[in-house]
Amino acid sequence: MDALLDILEDLRPGEDYRSRTDLVDARVLDSLTILALVSELEDTFDISIPAVEIVADNFNSLAGMWAMVSRLRDEDL
Amino acid sequence: MVRVVRHIRSTAIALTVMAVAVALLAGASYVVMPKNNQAEFGQVDAAAHGVMGEPANSIDVLFLGDSEAFSSFSPLQLWGERGITSYTCATSAQRLSYTRTLLARALKRQRPRVVMLETDCVYARLTLGDAAFRLLSDVFPIFEYHDRWKHLRPEDIAGSVRQTWTDELKGFRLDHAMDIKAADDSSHMAETDKVAKVSRLNRLHLNEIHRMCTEHGAKLVLVSTPSTVNWNMARHRGIEQFAREMGVDYYDFNLGEHEVPIDWSCETYDGGDHLNLAGAKKVTSAVGALLSEVYDMPDHRQDAAFDAWNDAYNRYQQRLSAL
Amino acid sequence: MKSYISLAVLGLVLIAAVMLYQLAPRRMRPVVLLAASYGYVWMLSGALLTFLLFSTASIWATGMVLDALRSRRAAELAEPGASRRAVKQRYQRLMRCMLATGAAANLGVLAALKYLPFFAGLAKPLLAAVGVAAPTAGLGIGVPIGISFYTLQAISYLADVYRGTISADRNPVRLALFLAFFPQIMEGPIARYGQTAARLWEGRPVTAEALFGGSARILWGLAKKLVVADRVNALVKAVFDDYGSYDGGVIALAAVLYTAQLYFDFSGAMDIAVGAGRIFGVSEPENFRQPFASRTASEFWQRWHVTLGSWFRDYVFYPVSLSAPVKRLSAAARRALGSRVGPVAASGVALACVWLGNGLWHGAGGQYLLFGAYYFVLIWTGGLVVPLAERLCLHMGIDRDGRAWHAWQHLRTLAVIVVGELIFRAASAEDALSMVWRLVTTFSFASFADGTVLTLGMDAADVAVVSVAVVVLLVVGHLRERGMHPLRRMWSCPWPARAALLLALAMVSVVFGAYGASYVPIDPMYAQF
């Protein structure tokens, strides 16, 4: 989860990623940031994120993102 | 039991709200109604509405129709030639829904013996929306006059609605009296088997107009003024058939025994669509002959009660000579 | 009268539908809604209703096939000794094929009905080179109401089924209702299956609160359309039809007024659609979110025609961006241009697809392509220059989080929006460019100073009405930005206050509506879709 936090801080510093649950809804993460995030996540965790996963639920919060990453890692195995 | 009470309460509230809505519409309608039938007071189509300012029961013939009517029928010429009192309640591109409304308004104070409808508007496309809007505006004038909020004056709220004004030309128009633009009449009234059908909505309105005339003791007469652009054999047949069904007289000035000989090289101002003054004079004379001979129209020239018409006629003559 | 007809028909259908809906048993209610919807389409488009039926049938069938393929894949994967990769690849190819077929069928109908003459015109030189004459007229059939909207909804359904976000709907009636629901079929909003289908099927009774809230919203939207949008139309039409006779100042005014007209008309139509949906207990997605509060062109498209923007984002932008070739391009760009500029540069591919689609979707004309290209260039280059802009501001001591900078961003974005709408409204791409040129080169305040602006179709009283309306909208918009919803708080007021609000809204439309003899009604702009 910390790796995830690092990636987020790197892409868009200064936001409170730990407690916010509206990162997509409040447009903190816009579509270009999400794309960059996706490519970083794919590289870091060796997963493949299809377009269907790019929904608000998966990216609104740190927990949501981590759940998605974990699920995709498990699916691939 | 509680549900029934709740339903009754809801229904009562709904009815109250609707009643308030009607009251608001009526009140707003009153405020925006022009307080006199003159253009300065916001009256729409003032010339046609001038009929409401004529003394009661003084008009014997009412002309209805669109621009064909107000460029062909001159009431003051009829007065000068035969002492017939008439009025032209015509508006541009009139739809039969509006014809019905104008007739209703005219019949409030007049008892014409003949109502002459120019047939061009019978083939004017009347949509359900137009007819519905007309009906709505007749009930609540706010819909027709809502724009008058821009020009409201104190008397609009306190004053009463009057009609005291009448048009100088009794609804006739001299805008293009002396203009000439020749028409090509080579195919005018060319023979054809086609019969132009009258739309269902127009039929409905025509029957209503007929009913209103009969109710008020007036004879409805259909006439077609000469026009190379608007009139043709198919339409002639269509009206002929419809007039037969409805049981009203029809006179077509474009052909046959009632043809008015129009010189299309100089008696139209827009290439055959409408007649200029020269053409209108011929048509009005023909109408006058018809009214006197067939419909026994009285001659009021010796009647002192109609002196105002003599004055109006004199002014008319002066105006014509100044053209 | 034409533009009022669709409104009038909608009103009649709505009233009839509400009454029948409430009286019907719960299970029949969706059928009532479907019948009302088909009746509505029939009254406005006649036999063209068949295309809607075709669309519905095609996505129902495609969805069923996709689901069948998915269960077969699951079955095969569960078998022992199965090569996961091979199975997945095979089924992915099959399902993609099905998706493409379904989407192509729907897009093909749309293209044939709406775009044939335009594409033929574009291809004329090519066709001529081959010796083929380009067909100048279309199929001569006409376009069913709402085809551009429901086609997008249909494709979103197929895409969602393909991705497994939803399972295919076995119930053709429910699917048909999702596609045809009459409040939204003509001008949107473009709803997703997951947003409205289930609710539509529930057949909840009409509650007094829903009736009040929905009616208030409808009357509010009606007032926006009648009082403002129709009022400025005379001037807008006069100037756009004959822009050569007016100086840049007047053209600028017409562009600003057109932007206002489009906003009031379209958002008013959305209010009516959402309000009508609300009466039946259906939450339609919002299409406008105070668009003029945007600080960038990109943000504007998240606040204006929101459902269209999100459709293109979810079904074009992300899929294209995450496709293998674009990912490779992106990686290469990142290596060549750095991790900030690289991805933005690579996103140009997906952005181009989005804006080509967005422009084309709006109409078969060069000005719409120009409109798409305009925003593509602005948004893409806007993203590319961010690092440069940040350095520049740092250098010049400008605080990018300060109010002065934000104000500058607001103004600049407003100008961008107005120019964009000028392009959109122009009669052709050439006219659009000429108008912009004229705007810039002959700009002057002369027409304002000598009062000619008040002779073009709007008098002083009209200006007053529009100004008041804009102020009211600004206040309401400001409240909504702060998260307050004035309408919802009204529900707790006693019934006379609520009734008074509805009556007042209705009377505003009756008295101040720009209808009748002295006004030029708008050709329903978004309803040519």
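**Exercise 1. Polar contacts between chains B and C**

Task: In this predicted model, how many residue pairs are in polar contact between chain B and chain C, and which elements of chain B supply the touching side?

Solution, step by step:

- Start with the count: chain B and chain C have 8 residue pairs in polar contact, with both residues at pLDDT 80 or more.
- Next, go to the helices. On chain B, the elements that each bring at least two residues to the side touching chain C are α1 (2–32), α6 (128–139) and α7 (142–145).
- Rank them: α1(B) gives the most, with 8 residues.
- Finish with chemistry. That side of chain B splits into 11 nonpolar, 2 polar and 4 charged residues.

**Exercise 2. Area and salt bridges between chains B and C**

Task: How much area is buried between chain B and chain C, and which residues of chain B lose the most?

Solution, step by step:

- Count who takes part: 17 residues of chain B are in contact with 17 residues of chain C.
- Now the area. About 1,500 Å² is buried between chain B and chain C, and carbon and sulfur atoms give 76% of that.
- Pick out the big contributors on chain B: B:H146, B:W149 and B:K150 lose the most area to chain C, and together they make up 37% of what the chain B side buries.
- Look for charge pairs. There are 2 salt bridges between chain B and chain C.
- One of them joins the side chains of B:K150 and C:D459, at 3.3 Å from N to O. That passes the 4 Å cut-off for a salt bridge.
- Put the two steps together: B:K150 is among the residues of chain B that lose the most area to chain C, and its side chain also meets C:D459 in a salt bridge.

**Exercise 3. Chain C against chain A**

Task: What does chain C bring to its contact with chain A, by residue, by helix and by class?

Solution, step by step:

- The contact takes 15 residues from chain C and 16 from chain A.
- Between them, chain C and chain A bury about 1,300 Å², with 60% of it on carbon and sulfur atoms.
- On the chain C side, C:Y318, C:L322 and C:R334 supply 38% of the area buried against chain A, more than any other three residues.
- Salt bridges come next: the count is 2. In one of these, the side chains of A:E42 and C:K327 meet at 2.8 Å, N to O.
- For polar contacts, the interface has 2 residue pairs, both residues at pLDDT 80 or more.
- Helices α13 (306–321) and α14 (324–362) of chain C each supply at least two residues of the touching side. Of the elements, α13(C) gives the most, with 5 residues.
- By class, this side of chain C has 5 nonpolar, 4 polar and 6 charged residues.

**Exercise 4. Which chains meet?**

Task: Which pair of chains shares the most contacts, and how far apart are the nearest C-alpha atoms of chains A and B?

Solution, step by step:

- There are 2 pairs of chains in contact, and chains B and C share the most contacts.
- Chains A and B don't touch; their nearest C-alpha atoms are 40 Å apart.

**Exercise 5. The largest cavity**

Task: Where is the largest cavity lined, and by what classes of residue?

Solution, step by step:

- The structure holds 4 cavities of 30 Å³ or more, and the largest has about 230 Å³ of space.
- Its lining has 21 residues, with C:L7, C:M186, C:E187, C:K225 and C:A269 nearest the centre.
- The elements giving two or more lining residues are α1 (2–23), α8 (182–185), α10 (208–241) and α11 (248–279) of chain C.
- Sorted by class, the lining of the largest cavity has 13 nonpolar, 3 polar and 5 charged residues.

Terms used: Residues are numbered from 1 along each chain as its sequence is written. Chains are lettered from A and ligands numbered from 1 in the order in which they are written. This is a predicted model: local features need pLDDT of at least 70, side-chain atom pairs count only at pLDDT 80 or more; totals for chains, interfaces and linings use all residues. Side-chain values use heavy atoms; hydrogens and water are left out. Contact means heavy atoms within 4.5 Å. Buried area is the accessible area (1.4 Å probe) that two parts lose on being put together, summed over both. A polar contact is a pair of N or O atoms within 3.5 Å; within protein, one must be able to donate a hydrogen and the other to accept it, and residues adjacent in sequence count only if both atoms are side-chain atoms. Helices (H or I, at least four residues) and strands (E, at least two) are DSSP runs, numbered from the N terminus. Ala, Val, Leu, Ile, Met, Phe, Trp, Tyr, Cys and Pro count as nonpolar, Asp, Glu, Lys and Arg as charged, and the others, Gly among them, as polar. On a 1 Å grid over the protein atoms alone, a cavity is a set of points where a 1.4 Å probe fits but cannot get out, and a pocket is an open set with protein on both sides within 12 Å along at least five of seven lines; lining residues have an atom within 4 Å of a point. Grid points are joined across faces, edges and corners, and a volume is the space filled by probe spheres set on the points.
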